[in-house]
Amino acid sequence: MRSLYNHSLKNVAGKVKVDKRWMPVDIPDSVKPNFVHFDCGSPQHEADKRFHRFTTQLLPSILKSAVQSTNTYKIRGIRNVVFYGPPDYPQYFTEYLSYLFLDEEVEPSDITCRVWYSKYDWFRLERVGTKAAAELVKIV
């Protein structure tokens, strides 16, 4: 995109580049999300690679079922949250992580949060926070 912008876009009035910066989403202080990267060579194979990595590395250690639907339910007793990919809407990240604290006797050390991502998830990662997304993609 940047090459197209720099070399092909010509206009008498000039060029305008919009750089949207997303602020980090609010998450509970005691939750430290663990962003788990998986390698993927091309966007065409990303869905298959994500599913393969998810089923071979995560599912054998988790025996609980995961539910995603358009209706959100406040489920009590959640201690482990796994995002199959960064959420499309940043408020979902905050909302789901707040479910961890519906019970008063929750200890922060009992809580885990994992987010699976690849280098092709830049725009969804950016909605969680531009600065953090830049660091995550730079590591890749």
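These are my notebook entries on the fold, the sheet and helix 2 of a predicted model.

**Overall fold**

I started with the secondary structure and found five helices and three strands in the chain. Reading from the N terminus on, I wrote the pattern down as α-β-α-β-α-β-α-α.

Next I looked up burial: 26% of the 140 residues count as buried. For the accessible surface of the chain I have about 10,400 Å², with 55% of that belonging to carbon and sulfur atoms.

I also checked how far apart in sequence the contacting residues sit. Taking contacts between residues at least 6 apart, I get 73% that join residues at least 24 apart.

**The sheet**

What is the strand order in the open sheet? I read 1-3-2 for the three strands, and the pairing is parallel. Strand 1 (34-37) and strand 2 are the edges; each has a single partner strand, so one side of each has no neighbour in the sheet. From one strand to the next, the twist averages 20°.

I then went into the pairing of strand 1 with strand 3. The two run parallel and are joined by four bridges. I noted one residue pair here: phenylalanine 35 is opposite valine 115 of strand 3.

**Helices on the sheet**

I looked at what packs on the strands. Helix 2 touches strand 1, strand 2 and strand 3, and its direction is at about 150° to that of strand 3. Helix 3 (residues 90-98) also lies across strand 1, strand 2 and strand 3, and I have it running at about 160° to strand 2.

**A closer look at helix 2**

Helix 2 covers residues 46-58, 13 residues in total. From first C-alpha to last I get 17 Å, close to the 18 Å expected at 1.5 Å a residue.

Which residues of helix 2 are buried? My list has Glu46, Arg50, Phe54 and Leu58. Why do they share a side of the helix? The four span an arc of only 65° around the axis, so they end up on the same side of helix 2. The general rule fits my note: an α-helix has 3.6 residues a turn, so residues three or four places apart point the same way.

On the other side of helix 2 I find Asp48 and His52, both exposed.

Last, I checked what the buried residues of helix 2 pack against: strand 2 (80-83), strand 3 (112-117) and helix 4 (122-128). I put Phe54 down as one of the buried residues, and Asp48 as exposed on the other side.

Methods. Residues numbered from 1 in each chain as written. Predicted model: local features only at pLDDT ≥ 70, side-chain atom pairs only at ≥ 80, totals over all residues. Heavy atoms only, no water. Expected span 1.5 Å × (residues − 1). Buried < 20%, exposed > 50% of the residue type's maximum accessible area, 1.4 Å probe, protein only. Arc of directions from axis to C-beta. Contact = heavy atoms within 4.5 Å. Areas by Shrake-Rupley, 256 points an atom, 1.4 Å probe, with all protein chains shown as cover. Pairing = 2+ DSSP bridges. Axes fitted to C-alpha atoms, helices over the stretch in contact; angles between N-to-C directions.
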